[in-house]
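Here are three short exercises to work through with the structure open beside you. Try each task before reading its solution.

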Amino acid sequence: RHTTTPAPAGAALEVVGVTKRFGAFVAVDDLTLTVPSGSFFALLGPSGCGKTTTLRMVAGLEQPTVGSISIGGRDVTGARAHQRPVNTVFQSYALFPHLTVAENVGFGLRRRRVADVAARVAEGLDLVELGHLADRRPALLSGGQQQRVALARALVNRPALLLLDEPLGALDLKLRRQMQLELKRIQTEVGLTFVHVTHDQEEAMTMADTVAVMNKGQIEQMGAPAELYEHPRTAFVANFLGRSNLVPGTVVERLDGDLLGVDVGGVRVRVPAARAVRAEGAVLVGARPEKMRLLAEGEEPAATENAVGPGTVVDVSFTGVSTQYEVRVPGLGTFGVFAQNLSGRAGAAPGDQVRLAWAVDFTFGLDGRDDAAEG
Ligand code: ATP
């Protein structure tokens, strides 16, 4: 394999045109991605979208049917798992029960006859804040602590690439959230490249510099978390990352200020051309619920806002940080409106008739996909 083009300088991982078939089934479909060195990259998608298969091909546990994979500029497509500068942390910790924490962490180093095992183990345990438990056996540790041991065991190898396959999946919600911040801190501290697989959008957004949203074996969109959230290109991406209040519409005119006039169920709304996937024809128009507001009785929307309604408030839920309204607008559907709980503002109640408004600037016009139903 001397004919492939080298990875761009600074790429820890390059996947080029990779397809994986199991019989006639295409699990990964012509996937291409680059992960810059030292970054935290997340593969995010629903169950069965092909993210684990992708990770397994990077690890060398599965061979691509077509395409190539380079790690640190070296083509490893044909290389065995143990020949790759890669470590994987799985959801199951797979610690040796009869070894102490320190022995577990140092196991691989000892086998490879690395110098300074004790120092590197101590450093690894320090990093995951488990130095004080070095002599314990895994059975006496909590799930979160065991996962940290597994992480330290991978980190002490100083792999070019650390792969994380739903590593927090077995932890309860509170511990998960805590470990997400912890993982991010560790990644920043050691500067290794992390590639993390998850179906949890909050997890991907919390930790990763770059998120690739996968659907049916393909990457739908890749970018920084805020970019994906604020500028989704497809309904699938918009809905996978949160509510998006999408309504089918048709572009009917081009307006001043680089805006498109879009008809949605007989109502005219404006969409910035820069936030629309196309300037004519069918688009799905939407906005995030926290960008929407309920107009007070008799209040008109601002000149910079779109508005729909009136509709009926069908549900109100108080979450502490926000109050979430569900508003059914005849002919358009049900909108979610999340209002920050600012003191002294009375909200609407179920049964109330309200109009909704939101800034034109935060309106998007997306591609529809058959499987994009609001989740
Ligand atoms: P999950 O989060 O559920 O693990 P995933 O996105 O990681 O989902 P994969 O595990 O990559 O998905 O699987 C993608 C598709 O490929 C699934 O439909 C799965 O059934 C199929 N698949 C995976 N491995 C094999 C295999 N060895 N033989 C046949 N089909 C497979």
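**Exercise 1: a helix and its surroundings**

In this predicted model, 9 of the 9 residues of helix α1 (residues 51-59) are buried, so the rest of the structure largely encloses this helix. Task: find which residues of α1 are buried, then look at what comes just after α1.

Solution. Step one: a residue is buried if 20 or more other C-beta atoms lie within 10 Å of its own. Step two: the residues of α1 that pass are K51, T52, T53, T54, L55, R56, M57, V58 and A59. Step three: move on to G60, just after α1, which has a positive phi of about 90 degrees.

**Exercise 2: a helix pair**

Task: describe how α2 (residues 101-111) and α3 (residues 117-127) pack.

Solution. Step one: their axes are 9 Å apart, at an angle of about 130 degrees. Step two: α2 and α3 are therefore oblique to each other. Step three: the crossing of α2 past α3 is right-handed. Step four: α2 brings A102, V105, G106, L109 and R110 to the contact, while α3 brings V117, R120, V121, G124 and L125. Step five: sorted by class, this contact has 6 nonpolar, 2 polar and 2 charged residues.

**Exercise 3: two domains**

Task: work out which elements of domain 1 each supply at least two residues to the side that touches domain 2.

Solution. Step one: the domain assignment gives domain 1 as 11-234 and domain 2 as 236-366. Step two: the centres of the two domains, taken over C-alpha atoms, are 38 Å apart. Step three: 11 residues from domain 1 and 10 residues from domain 2 make the contact. Step four: the elements sought are β9 (210-215), β10 (218-223) and α7 (225-230). Step five: the touching side of domain 1 divides into 4 nonpolar, 5 polar and 2 charged residues.

Conventions:
Residues numbered from 1 in each chain as written. Predicted model: local features only at pLDDT ≥ 70, side-chain atom pairs only at ≥ 80, totals over all residues. Buried ≥ 20, exposed ≤ 12 C-beta atoms within 10 Å, placed from the backbone. Helix = DSSP H or I, 4+ residues; strand = E, 2+ residues; numbered from the N terminus. Axes fitted to C-alpha atoms, helices over the stretch in contact; angles between N-to-C directions. Parallel < 35°, antiparallel > 145°, perpendicular 65-115°, else oblique. Left-handed = near helix turned anticlockwise from the far one by under 90°. Contact = placed C-beta atoms within 7 Å. Nonpolar A, V, L, I, M, F, W, Y, C, P; charged D, E, K, R; others polar. Domains from an automatic or database assignment.
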